[in-house]
Amino acid sequence: MKEIPYKIYLEENEMPKQWYNVRADMKNKPSPLLNPATLKPMGFEDLRPVFCDELIKQELDDTTPFFDIPEEILDFYKMYRPSPLVRAYFLEKALDTPAKIYYKFEGNNTSGSHKLNSAIAQAYYAKKQGLKGVTTETGAGQWGTALSMACSYFGLDCEVYMVKVSYEQKPFRREVMRTYGASVTPSPSESTAVGRKILKEFPGTTGSLGCAISEAVEAATSKVGYRYVLGSVLSQVLLHQTIIGLETKAALDKYQIKPDIIIGCAGGGSNLGGLISPFMGEKIRGEADYRIIAVEPASCPSLTRGKYVYDFCDTGMVCPLAKMYTLGNGFIPSANHAGGLRYHGMSSILSQLYADKLMEAVSVEQTQVFDAAVQFARVEGTLPAPESSHAIRVAIDEALKCKETGEEKTIVFGLTGTGYFDMLAYEKYNNGEMRDYVPTEEDLAKGFATIPTLQ
């Protein structure tokens, strides 16, 4: 076996040239999006007022296994891809574990996260269609930052509705978006009808991704030449993000490494889905077996405590209904530091895989997450994003189990980005002011009450 370097990079000729659609291999396909007015499955024409044409085709296709990546996107990827697969030698030593730990690092671009992989694709298809601009939501700000970069590259207008608590907590990420030419509005806002409605019903609310989605969709559908784009949850987004898993698998295969455990943080599902898809495909086809773990915040536990039902994708109930694990479209998570992992639901693809018991899910509390983040930063030299640190927490826990049992398992996790714009969260942690919040059954019941009853 070749000696394994600290960082594994692919050569340019080894880079994936296609995205992988795991739905093509799934025995149980994700349930279709439903029209909220008719409760019928949504087709191409139903989705055209909201999404770009080519993206709709990707969204609805559950049979084509591979999609060619356009040359313009491959050229853009060269700015920051391939991203390194890093052997966490120093973390292994600090934990005194026989486990071998690897992480796929997606923070080596200005947006600071994996979100740019899909942002550039969605901006490309919008430009190709001849649109003037796009609207979107952003939670912690990574998606908004990535999309503003992509729109700037293609000369598109970019309007971002940023969850209010993040808008206030992360002014520097907001300013990066504005530097790239985006307009940024704290959500919920007075600039849309749905925003005004939410503010009236929930005065003083800190917002949620569901609120911001509603505003962004209204803004897109009320302007000629605009479409709405989304940074997570949708199948098209997971498709673009498979560049992460395809690179990871190619790097591992290059050194004949087979992982036992694959771990990713889970909010709406883009990072996790992108990382695990090629491995999940092998698992479904019976070619290999892996233990796959989704990690979510205890403050927003859609997989571990949610219901697997049809629900609105947004708080304003203007978007399609998706069958997913959900806490209810009206669930407003606490204003903690889970970053972008605050969405009330989960990708329909990942929800189906979880329902089929092809992967596991755990939830972790934020003080434990930041314990892991600080430990990782001190030994590996990279300051991780709060979202990524959920995966770090469970990777450390699994490595410590190996220490107890003496098993030499190989663990791979996704390091979705850097935490340099998340210093308010680190300040709270370092000052001993961070508190855990776990919703009560009563809290969850309020969210569940907003789930529609389908006849």
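**Close-up views of the predicted model**

**View 1. Pro188 lies in the loop between strand 8 and helix 9 (193-201).** Helices (H or I) and strands (E) are DSSP runs of at least four and at least two residues respectively, numbered from the N terminus. The structure is a predicted model, in which local features need pLDDT of at least 70 and side-chain atom pairs pLDDT 80 or more, whereas totals for chains, interfaces and linings use all residues. Residues are numbered from 1 along each chain as its sequence is written, and side-chain values use heavy atoms, without hydrogens or water. The peptide bond that joins Ser187 to Pro188 is cis, and its omega is about 5 degrees.

**View 2. A second loop holds the cis bond from Arg81 to Pro82.** Omega of this peptide bond is near 5 degrees. Pro82 belongs to the loop that connects helix 3 (71-77) with strand 4 (85-87).

**View 3. Strands 8, 7, 6 and 9 form, in that order, an open sheet with parallel pairing.** Two strands are said to pair if DSSP finds at least two bridges between them. Strand 8 (183-187) and strand 9 (226-228) stand at the edges; because each has a single partner strand, one side of each is left without a neighbour in the sheet. On average, neighbouring strands of this sheet are turned by 20 degrees against each other, direction ignored.

**View 4. Strand 6 (residues 133-138) and strand 7 (residues 157-163) run parallel and are joined by six bridges.** Which residue of strand 7 stands opposite Glu137? The residue opposite Glu137 is Tyr161. Helix 10 (residues 209-221) packs on the sheet and is in contact (heavy atoms within 4.5 Å) with strand 6, strand 7, strand 8 and strand 9. The direction of helix 10 makes about 170 degrees with that of strand 6. Such angles run from 0 to 180 degrees between N-to-C directions, with axes fitted to C-alpha atoms, for helices over the stretch in contact.

**View 5. An open sheet of seven strands has mixed pairing and the order 1-4-5-15-10-11-14.** The edges are formed by strand 1 (7-8) and strand 14 (360-364), each of which pairs on one side only. Helix 12 (residues 270-285) lies across three elements: strand 10, strand 11 (291-297) and strand 15. Helix 12 runs at about 160 degrees to strand 10.

**View 6. Strand 15 (residues 410-415) is mostly covered, with six of its six residues buried.** Residues count as buried under 20% relative accessible area, as exposed over 50% and as partly exposed in between (1.4 Å probe, protein chains only). In a regular strand the side chains alternate between the two faces of the sheet. Thr410, Val412 and Gly414 point one way from strand 15, whereas Ile411, Phe413 and Leu415 point the other way, and all are buried.

**View 7. Strand 15 pairs in the parallel sense with strand 5 (residues 100-105) and with strand 10.** Six bridges link strand 15 to strand 5, and Lys100 has Thr410 as its bridge partner. How many bridges link strand 10 to strand 15? The pairing of strand 10 with strand 15 comprises three bridges. In strand 15, Val412 is the bridge partner of Ile262, and Phe413 is the bridge partner of Ile263.

**View 8. Lys249 is placed in helix 11 (residues 235-254).** Is Lys249 buried or exposed? With a relative accessible area of 16%, Lys249 is buried. When residues up to four places away in sequence are not counted, Lys249 touches Pro278, Phe279 and Glu282.

**View 9. Leu39 has a positive phi although it is not a glycine.** The value of phi for Leu39 is about 65 degrees. Leu39 is located in the loop between strand 2 (18-20) and helix 1. The relative accessible area of Leu39 is 33%, and Leu39 is therefore partly exposed.

**View 10. Gln256, a residue other than glycine, also has a positive phi.** Phi of Gln256 is near 55 degrees. Where does Gln256 lie? Gln256 lies in the loop between helix 11 and strand 10 (261-265).
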